[in-house]
Amino acid sequence: MEQQKRYGHFDDQHREYVITDPQTPWPWINYLGNEDFFSLISNTAGGYSFYKDAKFRRITRYRYNNVPMDNGGRYFYIKDGDTVWNPGWKPCKTPLDFYECRHGMSYTRITGRKNGVEASVLFFVPLKKWAEVQKLTLKNESSETKTLKLFSFEEWCLWNAATDMENFQRNFSTGEVEIEGSTIYHKTEYRERRNHYAFYHVNTPIQGFDTDRETFVGLYNEFADPQAVMEGKPRNSHAHGWSPIASHYIEVTLKPGESKDFVFLLGYIENEQDEKFEAPQMINKKKAHALIAELDSTAKVDKAFAELCEYWDALLNIYKVRTGNDKLDRMVNIWNQYQCMVTFNFSRSASFFESGVGRGMGFRDSNQDLVGFVHQIPPRARQRIIDIASTQFPDGGCYHQYQPLTKRGNNDIGGGFNDDPCWLIFGTVAYIKETGDFSILDEMVPFDNQPGSEVTLFEHLKISMDHVIKNLGPHMLPLIGRADWNDCLNLNCFSWDPNESFQTTENVSEGTKAESLMIAGLFVVTGKDYVALCKKIGKADEAARMQKAVDEMIEAVKKHGWDGEWYLRAYDFYGRKIGSNECEEAKIFIESQGWCTMAEIGAEDGMVAKSLDSCKKYLECEHGMVLNNPAFTKYIYEYGEISSYPEGYKENAGIFCHNNPWVIIGECLAGRGNDAWSHYAKILPSYVEEKYQTLHKVEPYVNCQMVAGKDAYKPGEGKNSWLTGTAAWMWYTVSEFILGIKPDYDGIRIDPCLPETATDYTVQRKFREADYEITIHPNGAQKGVKQIVVDGKPIDGTVIPYSAGKHVVEVTM
Ligand code: BGC
Ligand code: NOJ
């Protein structure tokens, strides 16, 4: 294989990915902020910030799908004589003598050097603060005194990111700012219903500023050559309407060897209704002053940064593995867990592929994300479960999405995705197993956020299960509704109208026979969990009732869901098979193989083994397993969006990384460690990073949603990085099923499934009030724990009984 160009490398000691060439094949981004205030930042400092909700509280503006790509962000322009450059290369693109971007845990450090000057910017959002810090260090490395002109730049968004990009007849008249010393305030719409404003501050006196974009940039210039910067003269413009921006102008003189820090702060403030103004038309700046005072020196900022680093130290100390394989260890110990936090925070709302205006938090997405996050900060997971459940309807159905700011169900998309309810069990069970906190089941949770409608969370779980049972089709399999996990298998949509959304249109659903084997498998998996939970809390009758439903589902799958070599995918509106050898195209789908093998349906009859073999035979390729095979080559009216995609992309035979782990877990349950590992390594970012930086295109340190499949024009090319359920599933798979450390109600269950080449490894696991050091001796076995010794004493079975304190565990396979 031809060696591909490399754009960066891992630095595990610092938990960073180091980008050494600014012209990456696609912007490689990072996320700043852990709660409330968030920013996206690319390796050239592009991106934007928002408070809680990327749609309703966008602080700075960003133009998606722009030319050039990734234009707009927080930019520092340095004018040194006639040369103007940026530490992150863009937007001027002046060739740099040195460039480096280090993406770390919730921070990014970009360093550029030009003509003897080094500019290094550390970007981060301090814990519990509603602000992005940009600490710029300028250093004169030359032998002469340097006089530099420094311009900062941010462009304000008029808060609602959607209307900001469309309602120009209004927007161009509403923009308002205030300038006070070194602080520029953005207060558009503050005069009316908004009680919030933003500001951009620097901790030094300034020699000028600009707040009107056109005056600063020039109507016929660009971010690459703003007139004010090129001429080295700020205009001191005061924006009235049009497009408000914030730019500070600072003159800096540095002796040889001298360096100076500048702390820039992009902040967000909310005021009480009766304390909005300090004078007519003047915003009350008290809270802004207070926030600035907390972060107005290098020492204060360095302290805040140290706290952020400690926060991540603690989070990443909860589960740590030492296998001796760096590629595995860095994903498990650093990047996979980091991506899980990001997906938990953002769901599918804001990335460089998700515009932040389309979607809020997904019902199914957030429940799955939770499984990757729950060990990190359980109280936040708990709150999330309550928020999600509050968007459920009394019949167990639910809103498919909700807005993070309001926590209200999203009416534009509505409900009717029949897999959704089951995921609530998936998320809740994971939470209880991690924490032992059964009290969450007694929380009173409303329907559709309506006060007065509250029932216990347990009741929500019950109606979730019942929603499946009450919506069975002619083969006693779950009706699919608008779609199951695969949003694009729209079996009741029947659309010839390109103006209709596949997701929200059901042109015909009356009398549908469309059933899903994916939901059947999911129901069995979560149903078994539900039964075990019921037994645990003394609800024996309910356990028995649901066990019966689970058994019936298993029978229905065996009878109507097996195609001879693999599980069928679905039945269509008319009751015809989908994902069968009898079909012309898409004879086999991954989702039902994943869920029915995880559910171990028909294992005793060889179904599981056959299904897993079929995945290897028909779905696997060099870059992972494709979603279906062969790909659809034409639009099928009865199937909807899935057949709208060209061959090999997205849900039409793309490698949808999200569902590869389902099959891998199936492999683990079946004890096939070699196969599990080889599937896993194919989509593990660190393995891809080593081989395919150019082809893969997107960030090599995290999973992306989709890698083009074997039928695609460019197999191996990745898209939709960061915000994907793949993060949580990769974590769940490797931490619990491959490495085999599985939280359970009464303790930690140990059940690894490894390739036979695996050598001894150690996992440090904090669990509730306990701290375990678990060493596994595989001895060439793929599966099967022979003996567990806890603190020198052998125990029966595979569950380490929970007890607080430090424990040393030795496991022999
Ligand atoms: C995508 C799906 C996605 C859905 C969400 C579709 O176009 O292919 O992956 O879940 O949109 O609305
Ligand atoms: C992405 C969506 O966020 C998720 O909910 C869905 O399950 C997958 N695409 C598959 O369509």
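Guide: A polar contact is a pair of N or O atoms within 3.5 Å. Keep that cut-off in mind. The model here is predicted.

Visitor: What makes Asp 487 a polar contact of ligand 1?
Guide: A polar side-chain atom of Asp 487 lies 2.5 Å from an oxygen atom of ligand 1. The cut-off is 3.5 Å, so the pair counts.

Visitor: Which side chains of Tyr 645 and Lys 650 atoms should I check, and at what distances from ligand 1?
Guide: For Tyr 645, a polar side-chain atom is 2.6 Å from an oxygen atom of ligand 1. For Lys 650, a side-chain N or O atom is 3.0 Å from an oxygen atom of ligand 1. The limit is 3.5 Å, so both pairs qualify. On its own, ligand 1 has 310 Å² of accessible area, and the protein covers 79% of it.

Visitor: What makes up the shell around ligand 1, by class?
Guide: Three residues are nonpolar, two are polar and five are charged. Members of the shell include Arg 359, Cys 488, Gln 503 and Glu 641. Cys is listed as nonpolar, so Cys 488 goes into that class.

Visitor: How do you know that Asp 365 makes a polar contact with ligand 2?
Guide: The distance is 2.7 Å, from a polar side-chain atom of Asp 365 to an oxygen atom of ligand 2. The limit is 3.5 Å, so the pair passes.

Visitor: Which part of Trp 485 and of Asp 487 faces the same test, side chain or backbone?
Guide: The backbone, in both cases. A polar backbone atom of Trp 485 is 2.5 Å from an oxygen atom of ligand 2. A backbone N or O atom of Asp 487 is 3.0 Å from an oxygen atom of ligand 2. Taken alone, ligand 2 exposes 300 Å², and the protein buries 95% of that.

Visitor: How does the shell around ligand 2 divide?
Guide: Into two nonpolar, two polar and six charged residues. Among the surrounding residues are Arg 348, Arg 364, Asn 486 and Gln 705. Arg counts as charged, so Arg 348 and Arg 364 belong to that class.

Visitor: Now the sheets. Why are E1 and E14 called edge strands?
Guide: Strand E1 (8–11) and strand E14 (177–180) each pair on one side only. They belong to an open sheet of 10 strands, ordered E1-E2-E9-E10-E11-E12-E19-E16-E15-E14, with antiparallel pairing. Neighbouring strands of this sheet are turned by 15 degrees against each other on average, direction ignored.

Visitor: How do you know that E1 and E2 pair?
Guide: Four bridges join them, and they run antiparallel. Two bridges are enough, so E1 and E2 count as paired. His 9 stands opposite Val 18 in E2. The two strands form a hairpin with four residues between them, and Arg 15 in the turn has a positive phi of about 55 degrees.

Visitor: What makes E16 and E19 a pair?
Guide: Seven bridges, in the antiparallel sense. At least two are needed, so the pair stands. Val 202 is opposite Phe 264 in E19.

Visitor: Which helix lies across E19?
Guide: Helix H5 (residues 298–315) does, and E10, E11 and E12 are crossed as well. The helix runs at about 55 degrees to E11.

Visitor: What is the order of the sheet that holds E37?
Guide: The order is E37-E38-E43, in an open antiparallel sheet of three strands. Its edge strands are E37 (741–744) and E43 (799–801). Neighbouring strands are turned by 30 degrees against each other on average, direction ignored. Four bridges join E37 to E38, where Ile 750 stands opposite Ile 741.

Definitions and conventions: Residues numbered from 1 in each chain as written. Chains lettered and ligands numbered in written order. Predicted model: local features only at pLDDT ≥ 70, side-chain atom pairs only at ≥ 80, totals over all residues. Heavy atoms only, no water. Axes fitted to C-alpha atoms, helices over the stretch in contact; angles between N-to-C directions. Contact = heavy atoms within 4.5 Å. Near = heavy atom within 4 Å. Polar contact = N/O pair within 3.5 Å; in protein donor to acceptor, adjacent residues only side chain to side chain. Areas by Shrake-Rupley, 256 points an atom, 1.4 Å probe, with all protein chains shown as cover.
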